[in-house]
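Q: Please take a close look at one part of this structure and set out how its side chains pack and pair. A formal, connected account would be welcome.

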Amino acid sequence: MIGRQQLEEAPPLRCSLASVVDVSDSQDLVVGVADIPEKERLVLRSLLKVMDGKDHLRLRFSDELTECNIVLMSIGSLSRLPTGCVAVYLIPEGQGETPLHPGLSIRAPLRLSNTSLLLQAAAELLTHAEVHSASGSLAPLLSVLLRKLMSRERRTTVLPLGEDQEIIVDFLEDRYHCRLPLEALFEGQFDLQESRRANEGEIASIALQPGARLREFLWQATNRLVDVAAPCDTLSGNFRLHRWPDAMGLSRPGFPMLAALLTNRPHSVAQASKASGASPAAVSWFLRTNLALGIAELVDMAEHSAPSAEPIIVHAAPASSMLSRIRDRLKLW
């Protein structure tokens with residue numbers, strides 16, 4: 001039995017990453033667990049029953065990870081997740097700072113308020129429609145790469161681009177190889193097809209070729225999408241950066257201002273847009289890439305709403321009369 005006080009009290013919540021998967025509004029959020037304490041597993045199942053149907057979320061628990069799109073797991077878990085599944089890391093109660101990693105995270109013990117906030121964030125970040133704009137297929141390609149980073153992809157993956165072209169990505173080593181010129185990629189001059197696992201020959205071939213850093217491509221693609229004003233689903237909630245992005249992530253005008261704002265304190269997309277002059281879509285693309293790289297987190301503002309200290313009241317000394325000042329000056333006291 002979960003008491004009212006246990007359900008309503010909320011510990012700090014940290015969210016550093018979410019996945020981007022095409023999910024219709026009517027699809028259930030199927031939640032599973034991997035390598036977490038049995039107590040938290042039972043609490044999660046109870047909370048899902050309480051929250052099911054609220055906030056436009058249809059929730060259910062499953063013991064089969066293969067059918068889950070959200071999995072709550074321990075930080076050190078080695079469980080393999082389904083493609084496109086959101087990894088949510090459970091931070092043990094009392095543990096301090098944790099290593100940065102892609103994926104959402106939440107502190108134990110699970111309560112109604114922090115679990116609800118987490119699932120809202122997961123639902124929003126799961127829903128990411130493909131963007132068709134002046135960027136051609138670049139936006140879907142970036143979304144797929146971000147999705148795989150945020151779902152803890154560790155295998156070398158092939159993304160066919162049509163006409164015997166492909167991009168081979170080694171997520172573990174932060175490297176990729178593609179024969180198609182960068183400018184053709186940035187202009188979206190390809191036909192993105194379903195990704196697949198690389199075979200042994202492809203893995204061997206990429207190991208022998210000079211690859212490029214994946215994170216640099218992610219930032220270059222982000223910059224191009226912002227330059228062509230590609231639309232992006234606006235993220236709700238408040239975000240902050242743990243640290244400044246790499247130099248490539250600050251190379252576009254406006255991004256250093258965003259980084260300064262978001263490392264100073266949490267901002268919503270609207271607040272960051274107003275303060276920096278960047279469009280909401282630009283802020284959202286910037287945040288999605290930082291979330292995937294483990295640099296950004298979604299913040300529970302309850303953490304930052306601690307009651308302020310009592311104001312210090314300074315009473316001014318009563319104004320002295322002219323006679324008093326003359327006496328004091330002439331030492332007549």
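A: The account below begins with the whole chain and then turns to the nonpolar core and the elements around the core.

The model is a predicted one. The protein has 333 residues, of which 49% count as buried. Its secondary structure comes to 11 helices and 14 strands. Among contacts between residues at least 6 apart in sequence, 71% join residues at least 24 apart. The accessible surface comes to about 17000 Å², and carbon and sulfur atoms account for 53% of that area.

The largest nonpolar core holds 52 residues, and those that touch the most other members are Leu145, Val169, Leu185, Phe217, Leu218, Trp285 and Phe286. The element that gives the most to this core is helix 4 (residues 138–150), with 9 residues. Apart from this core there is a second, separate one of 26 residues, whose members include Ile70, Leu118, Ala122 and Leu126. As a general background, nonpolar side chains in soluble globular proteins tend to be buried together.

Phe286 merits a closer view. Leaving aside residues up to four places away in sequence, phenylalanine 286 touches Trp219, Thr222, Leu241, Pro245, Gly249, Phe255, Leu258, Ala259 and Leu262.

The aromatic rings come next. A pair of aromatic rings is described by the distance of the centres and the angle of the planes. The count for the structure is 5 aromatic pairs. In one of them, the ring centres of tyrosine 176 and phenylalanine 217 lie 5.3 Å apart with the planes at 50°, so the pair is tilted. This pair links distant parts of the chain, since tyrosine 176 belongs to strand 9 and phenylalanine 217 to helix 7 (residues 214–227), 41 residues apart. Tyrosine 176 and phenylalanine 217 are both buried. Tryptophan 219 and phenylalanine 286 form another tilted pair, at 5.8 Å centre to centre and 45° between the planes. Because tryptophan 219 lies in helix 7 and phenylalanine 286 in helix 10 (residues 280–292), the pair ties together parts that are 67 residues apart in sequence. Tryptophan 219 and phenylalanine 286 are likewise both buried. Beyond single pairs, Tyr176, Phe186 and Phe217 form one aromatic cluster.

Strand 9, which carries tyrosine 176, leads to the sheet. Five strands form an open, antiparallel sheet in the order 10-7-8-9-11. Strand 10 (196–197) and strand 11 are the edge strands, each pairing on one side only. Within the sheet, strands 8 and 9 run antiparallel and are joined by 4 bridges. One bridge sets isoleucine 167 against cysteine 178 in strand 9.

A further strand pair lies outside that order. Strand 12 (residues 238–241) and strand 14 run antiparallel and are joined by 4 bridges. Here asparagine 238 stands opposite valine 299 in strand 14. In a regular strand the side chains alternate between the two faces of the sheet. For strand 14 (residues 296–299) both faces are covered: Ala296 and Leu298 are buried on one side, as are Glu297 and Val299 on the other.

Charged side chains complete the picture. Side chains of opposite charge can pair when their charged atoms come close. The whole structure contains 17 salt bridges. Arginine 213 forms one with aspartate 174, with the closest N and O atoms 3.5 Å apart. That pair too links distant parts of the chain, for arginine 213 is in strand 11 (residues 212–213) and aspartate 174 in the loop between strand 8 (165–170) and strand 9 (175–178), 39 residues apart. Arginine 213 counts as partly exposed because its relative accessibility is 40%.

A second salt bridge joins the side chains of arginine 196 and glutamate 202, at 2.7 Å from N to O. Arginine 196 has a relative accessible area of 37% and is therefore partly exposed, whereas glutamate 202, at 11%, is buried. Salt bridges that share partners also join Asp174, Arg213, Arg215, Arg243 and Asp246 into one network. Elsewhere, lysine 148 and glutamate 153 meet in a salt bridge at 3.9 Å from N to O, and both of these residues are buried. Lysine 148 falls within the residue range of helix 4 (138–150), the element that gives the most to the core.

Technical notes:
Residues numbered from 1 in each chain as written. Predicted model: local features only at pLDDT ≥ 70, side-chain atom pairs only at ≥ 80, totals over all residues. Heavy atoms only, no water. Core = buried A, V, L, I, M, F, W, Y, C linked by side-chain atoms within 4.5 Å. Buried < 20%, exposed > 50% of the residue type's maximum accessible area, 1.4 Å probe, protein only. Helix = DSSP H or I, 4+ residues; strand = E, 2+ residues; numbered from the N terminus. Contact = heavy atoms within 4.5 Å. Salt bridge = Lys/Arg side-chain N within 4 Å of Asp/Glu carboxyl O. Areas by Shrake-Rupley, 256 points an atom, 1.4 Å probe, with all protein chains shown as cover. Pairing = 2+ DSSP bridges. Phe/Tyr/Trp six-rings, centres within 6.5 Å; stacked < 30°, edge-to-face > 60°.
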